Amino acid sequence: DWAGYGNDGGQAMFAQYSKQYPNDKPQFTYMTNESDALAKLHAGLKPDLFRPYVGWVKYFATSGLVQPWDTSKIPNFKYLNPFMVKAGQYNGKQYGIPEDWGFDAILYRTDKVKPKSNSWGLLFDERYKGKIAWFDDLGMLVMTGLYLGFKDPWNQTSAQLKQSQQLLISKKHLVRLIWSSETNLWEAFGSGDLWIAYAWPNDWVQMKKKGLPVVYMHPKEKPIAWVGMMMLLNGSPRPDLAHAYVNAWSSTASAKWLEDNYGYGHANTVARPSSSDLLKALQLNNPKAVGLPNAYLDRDIPQRALYAKLWEEVKAS
């Protein structure tokens with residue numbers, strides 16, 4: 001799983017499981033992104049569960065690495081958002097159980113930054129050289145495609161990919177940090193080294209806690225929405241424990257804890273956070289907040305290996 005969701009702060013998410021199976025405590029290996037998890041699986045790691053995001057459902061469903069869930073063994077499944085549940089399906093089978101969700105969008109300080117418009121272009125704004133953070137992921141090419149107005153940024157033509165990559169390379173000199181760890185982002189943003197960042201809702205929550213005047217921008221080109229999908233590895237010797245663990249994650253108590261503490265939405269539609277600010281920023285009352293016209297739900301990238309290669313070239317430039 002991702003950092004912050006194991007025994008390093010996320011215990012509340014599986015509290016129901018821990019109570020039910022005190023002698024079968026979960027053990028964690030952390031992933032920095034899906035490509036990292038995939039590399040670990042190919043290197044021989046055999047976890048029972050992992051949690052990639054919605055754009056990877058088709059990839060993993062067709063990879064032979066994961067198996068479908070038996071949703072009848074997940075009592076809390078009935079509380080999960082049907083729109084997100086459907087996004088976890090491939091060929092009619094439930095490969096992903098939707099859990100957390102949120103947006104890729106822009107966090108910025110209102111006392112330091114005056115955007116020309118609510119646009120992804122703020123990440124390329126020459127006025128803020130050295131105060132900008134990008135996220136270390138091939139999704140940066142998708143975001144750039146959105147900014148450039150391409151019809152399908154997830155499946156760009158060769159010419160479009162070249163244009164996206166060249167824009168990123170030409171603007172990389174503005175960037176102080178390309179983050180893969182949120183802790184690094186929080187340190188740099190919290191200390192004033194950064195004023196603008198490609199960020200997730202939790203980053204907005206953390207900076208507000210530090211008392212910084214921040215906005216979580218909704219770009220006019222639309223944010224990219226993601227949904228965390230619990231997946232069951234093929235050949236897991238503990239399928240019953242895996243179903244119980246995912247059932248705990250899907251509970252209303254876990255969902256409310258996630259919303260209150262991490263500032264993400266949860267697929268459990270019964271849960272509601274304490275903060276009305278968060279309710280508004282994430283549009284938690286809108287069951288289709290992760291879809292159009294509000295946001296683009298992240299999706300499969302047919303040329304994923306090529307996007308990854310081009311992104312590595314951007315970083316190396």
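In the next few minutes I will go through the fold, the core, two helices, the aromatic contacts and a few backbone details of this predicted model.

Let me start with the chain as a whole. The protein chain has 12 helices and 12 strands, and its radius of gyration is 19 Å, close to the 20 Å that the globule rule gives for 317 residues, so the chain is as compact as a globular protein of that length. Along the principal axes, the C-alpha trace spans about 55 × 45 × 35 Å. Of the 317 residues, 55% are buried, and if we take the contacts with a separation of 6 or more, 71% of them join residues that are 24 or more positions apart.

Now to the interior. In soluble globular proteins, nonpolar side chains tend to be buried together. Here the largest nonpolar core has 106 residues, and those with the most contacts inside it are Phe-50, Trp-69, Trp-101, Leu-123, Trp-134 and Ile-196. Strand β10 supplies the largest share of this core, namely nine residues.

The next element is helix α5, residues 139-147. Eight of its nine residues are buried, so the helix is largely enclosed by the rest of the structure. The buried ones are Gly-139, Met-140, Leu-141, Val-142, Met-143, Thr-144, Gly-145 and Leu-146. What is it that covers the buried residues of α5? The cover includes the strands β6, β8, β10 and β12 together with the helices α6 and α12. One residue of α6 can be followed in detail here: Gln-165 lies in that helix and is buried, with a relative accessible area of 11%. Leaving aside residues up to four places away in sequence, Gln-165 touches Leu-141, Leu-310, Glu-313 and Val-314; of these, Leu-141 is one of the buried residues of α5. Just after α5, Gly-149 takes a positive phi of about 80 degrees.

Helix α10, residues 252-262, can be described in a similar manner. Its buried residues are Ser-254, Ala-255, Leu-258, Glu-259 and Tyr-262. Seen down the axis of α10, these buried residues fall within an arc of 135 degrees, so they line one face of the helix. The general background is that an α-helix has 3.6 residues a turn, so residues three or four places apart point the same way. As for the partners of that face, the buried residues of α10 pack against the strands β5 and β11 and against the helices α8, α9 and α11. After α10 comes Gly-263, whose phi is positive, near 70 degrees.

I turn now to the aromatic residues. The structure holds 27 aromatic pairs. One of them is formed by Phe-135 and Trp-179, a tilted pair with 4.6 Å centre to centre and 35 degrees between the planes. Phe-135 lies in strand β6 and Trp-179 in strand β7, so the pair ties together parts that are 44 residues apart in sequence. Phe-135 is buried, with a relative accessible area of 6%, and Trp-179, at 1% relative accessibility, counts as buried too. Both rings belong to a cluster in which ring pairs link Trp-2, Tyr-53, Trp-120, Phe-135, Trp-179, Tyr-198, Trp-200, Trp-226 and Tyr-264. Rings also meet charges in this model: the charged end of Arg-299 sits over the ring of Trp-154, 4.0 Å from its centre, while that of Arg-304 sits over the ring of Trp-56, 3.8 Å from its centre.

Finally, some points about the backbone. Most residues other than glycine have a negative phi, and most peptide bonds are trans. Against that background, which peptide bond is cis? The bond from Leu-292 to Pro-293 is, with omega near 5 degrees, and Pro-293 lies in the loop between α11 and β12. Asn-91, although it is not a glycine, has a positive phi of about 50 degrees; it is placed in the loop between β3 and β4 and is exposed, with a relative accessible area of 67%. Lys-222, which is not a glycine either, has a positive phi of about 85 degrees. Lys-222 is found in the loop between β9 and β10, and at 21% relative accessibility it counts as partly exposed, the cut-off for buried being under 20%.

How values were computed:
Residues are numbered from 1 along each chain as its sequence is written. Side-chain values use heavy atoms; hydrogens and water are left out. Buried means under 20% relative accessible area, exposed over 50%, partly exposed in between (1.4 Å probe, protein chains only). Helices (H or I, at least four residues) and strands (E, at least two) are DSSP runs, numbered from the N terminus. Contact means heavy atoms within 4.5 Å. A nonpolar core is a set of buried Ala, Val, Leu, Ile, Met, Phe, Trp, Tyr and Cys residues joined through side-chain atoms within 4.5 Å. Rings of Phe, Tyr and Trp (its six-membered ring) pair if their centres lie within 6.5 Å; planes under 30 degrees apart count as stacked, over 60 as edge-to-face and the rest as tilted. A charge sits over a ring if NZ of Lys or CZ of Arg is within 6 Å of the ring centre and within 35 degrees of the ring normal. The arc is that of the directions from the helix axis to the C-beta atoms. The radius of gyration is taken over C-alpha atoms; the globule rule is 2.2 Å times the number of residues to the power 0.38.
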